[in-house]
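Hi,

Here is the structure I promised to pass on, with the sequence alongside. Have a look at it first, and then read on for what turned up.

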Amino acid sequence: AKFWAGTGDTALRSVCWGGAVLALIAPFTGAAAPGFFALLWGLYFSLYRASGLFLGYQWDILLLEIGFLAVFVVGRKGTHPARAGLWAMRWLLFRLMLLSGAVKLLSYDKTWWDLSALTLHYETQPLPTVFAWYAHQLPVWFQKFCVAVMFGIELILPFFVFGPRRLRLCAAMGFLFLMGLICITGNYTFFNFLTASLCLFLLDDAWLQSWFPKRNFSEGDACGGLRRRLAISFAVFALVVGSAQLLIRFVPPVRSSAAINTAAALGYRYHMVNTYGLFAVMTTVRNEIILEGSEDGRVWKAYEFKWKPGRVDRAPGWVQPHQPRLDWQMWFASLAPYQRNPWYFAFQRRILEGQDDVVALLAENPFEEKPPRFLRSLFFQYNFTGWGSGKSWWKRELKGLYCPYTTLQADGTLAVFMSASTNAFRRK
């Protein structure tokens with residue numbers, strides 16, 4: 001996709017740095033704050049559309065939805081947000097949490113129904129933390145209990161969001177508890193932090209006053225009429241579109257309704273109202289692609305990524321709220337044949353060319369003087385080790401090649417072949 005500001009590094013970096021500056025100053029811009037948040041949404045939406053699969057995760061569309069909602073919630077200091085804007089934030093939290101639990105059961109995945117999903121999840125998730133290794137060692141009965149608690153939080157507490165004060169506080173504490181546990185055991189970038197921020201809209205002035213007695217939260221003027229009308233308009237839009245999306249998910253017969261599908265699709269184009277749900281089907285095996293290079297086709301050296309598993313003696317890292325997009329995409333690449341991941345050949349080409357910006361995304365470059373002549377991608381199955389395994393966090397078993405070998409030809413085109421001794425190249 002073509003980026004509106006240009007395709008060079010300068011344009012992309014300018015948008016990123018400009019967004020960071022706007023995010024810092026937007027809360028202090030008074031009555032102009034909604035405009036600043038609208039501009040922030042536009043910048044991130046542009047990056048989202050241009051980046052394709054590398055910026056197409058659920059936390060990216062959640063950020064877009066929250067960012068768009070913020071336009072109707074923020075205002076100058078000393079004024080209260082529009083009630084309709086606050087309701088829309090709670091409506092988003094309700095849908096996010098309810099769908100997170102529902103998709104797991106609606107997929108009819110055996111590991112969710114028998115509560116065994118966590119016995120696999122800690123080691124098969126995209127980027128485990130070191131605490132995931134310890135959680136994986138917990139007794140099976142306790143892990144099943146944790147899944148049951150999770151379903152209680154995701155399927156029951158969302159209905160408390162629209163209840164009286166005590167029920168809302170109960171929902172907020174439950175959601176924050178779950179987000180905290182997920183943050184400890186998995187690197188889900190800013191997803192859990194965004195979800196936790198939505199819980200702020202379940203707290204009322206009286207509760208906040210009890211914790212911060214020196215500040216009067218009830219002071220302030222009502223929001224302006226225009227802001228209130230805009231908030232009501234978008235809240236109605238979110239209600240209609242979000243309800244249509246829920247109906248499609250929970251009531252299969254309505255999926256044939258053109259009106260329901262049209263209403264549901266209204267939120268998707270600009271991601272103003274979205275549907276959510278991670279890990280509907282649990283990944284049961286962890287496969288890893290290990291990229292190796294060679295100068296002569298006999299001696300191979302592995303490229304180590306910054307965050308994804310590689311060497312078995314390297315402890316899982318902690319990277320959130322940052323998302324190493326390449327490391328994440330390598331996990332998704334391992335779930336499908338290489339023919340469905342054409343970007344991986346483009347990545348290998350840049351490695352063979354020695355492109356500094358791409359090589360810098362890796363933790364180690366075993367070919368610092370000049371790029372290798374050949375690359376191969378080995379396919380391993382990884383599993384966590386157990387207690388008493390010494391310095392090893394992982395154990396692995398070679399399954400074969402993930403994709404054909406690659407090399408650069410004299411004219412600069414990428415060639416793929418099935419072994420280092422084969423001369424039958426074909427252009428890619």
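Leu-98 is a good place to start: leaving aside residues up to four places away in sequence, it touches Glu-154, Leu-155, Pro-158, Phe-159 and Phe-250. Please keep in mind that this is a predicted model. Leu-98 belongs to helix α4, which covers residues 83–106. Its relative accessibility is 9%, and because the cut-off for buried is under 20%, Leu-98 counts as buried. One of its partners, Glu-154, is 56 residues away from Leu-98 in sequence, yet the two C-alpha atoms are 5.4 Å apart in space.

Next, the aromatic rings. How many aromatic pairs does the structure hold? There are 50 of them. Take Trp-112 and Phe-151: their ring centres are 5.9 Å apart and their planes meet at 75°, so this pair is edge-to-face. It ties together distant parts of the chain, with Trp-112 in helix α5 (residues 110–113) and Phe-151 in helix α8 (residues 140–155), 39 residues apart. Trp-112 and Phe-151 are both buried.

Tyr-303 and Phe-367 make another aromatic pair, this one tilted, with 5.9 Å from centre to centre and 35° between the planes. Here too distant parts of the chain are linked, and the two residues are 64 apart in sequence. Tyr-303 sits in the loop between β2 (301–302) and β3 (304–305), while Phe-367 sits in the loop between β4 (362–364) and β5 (374–384). Both Tyr-303 and Phe-367 are buried.

There is also a cluster joined by ring pairs, made up of Phe-54, Phe-305, Tyr-338, Trp-343, Tyr-344, Phe-345, Phe-347, Phe-379 and Tyr-402. Helix α15 (residues 343–353) has among its buried residues Trp-343, Tyr-344, Phe-345 and Phe-347, and these four names also appear in the cluster. The other buried residues of α15 are Gln-348, Ile-351 and Leu-352. Just past the end of α15, Gly-354 adopts a positive phi of about 75°.

Two rings have a charge over them. The charged end of Lys-308 lies over the ring of Phe-305, at 5.1 Å from the ring centre. For Arg-396, the charged end sits over the ring of Phe-380, 4.1 Å from its centre.

Now for the empty space. Searching the whole structure turns up one cavity of 30 Å³ or more. The largest cavity has a volume of about 60 Å³. Which residues line the largest cavity? They are Leu-127, Pro-128, Trp-307, Lys-308, Pro-309, Gly-310, Arg-314, Ala-315, Pro-316, Gly-317 and Trp-394. By class, that lining has seven nonpolar, two polar and two charged residues. Lys-308, with its charged end over Phe-305, is one of the lining residues.

The second largest pocket holds about 680 Å³ of space. Its lining consists of 31 residues, and those nearest the pocket centre are Leu-118, Met-150, Leu-178, Leu-181 and Ile-182. Helices supply part of this lining: α4, α6 (118–124), α8, α9 (165–185) and α10 (191–198) each give at least two residues. Of the lining residues, 24 are nonpolar, five polar and two charged. Two helices mentioned earlier come back here: α4, where Leu-98 lies, and α8, where Phe-151 lies.

Finally, a few backbone details to look at on screen. The peptide bond that runs from Gln-320 to Pro-321 is cis, with omega near 10°. Pro-321 is found in the loop between β3 and α14 (325–333).

Leu-115 is not a glycine, but it has a positive phi of about 65°. This residue is in the loop between α5 and α6. Is Leu-115 buried or partly exposed? Its relative accessibility is 26%, so Leu-115 counts as partly exposed.

His-271 is likewise not a glycine and has a positive phi, in this case about 55°. It lies in the loop between α13 (258–265) and β1 (286–294). With a relative accessible area of 12%, His-271 is buried.

Best wishes

Definitions and conventions. Residues are numbered from 1 along each chain as its sequence is written. This is a predicted model: local features need pLDDT of at least 70, side-chain atom pairs count only at pLDDT 80 or more; totals for chains, interfaces and linings use all residues. Side-chain values use heavy atoms; hydrogens and water are left out. Helices (H or I, at least four residues) and strands (E, at least two) are DSSP runs, numbered from the N terminus. Buried means under 20% relative accessible area, exposed over 50%, partly exposed in between (1.4 Å probe, protein chains only). Contact means heavy atoms within 4.5 Å. On a 1 Å grid over the protein atoms alone, a cavity is a set of points where a 1.4 Å probe fits but cannot get out, and a pocket is an open set with protein on both sides within 12 Å along at least five of seven lines; lining residues have an atom within 4 Å of a point. Grid points are joined across faces, edges and corners, and a volume is the space filled by probe spheres set on the points. Ala, Val, Leu, Ile, Met, Phe, Trp, Tyr, Cys and Pro count as nonpolar, Asp, Glu, Lys and Arg as charged, and the others, Gly among them, as polar. Rings of Phe, Tyr and Trp (its six-membered ring) pair if their centres lie within 6.5 Å; planes under 30 degrees apart count as stacked, over 60 as edge-to-face and the rest as tilted. A charge sits over a ring if NZ of Lys or CZ of Arg is within 6 Å of the ring centre and within 35 degrees of the ring normal.
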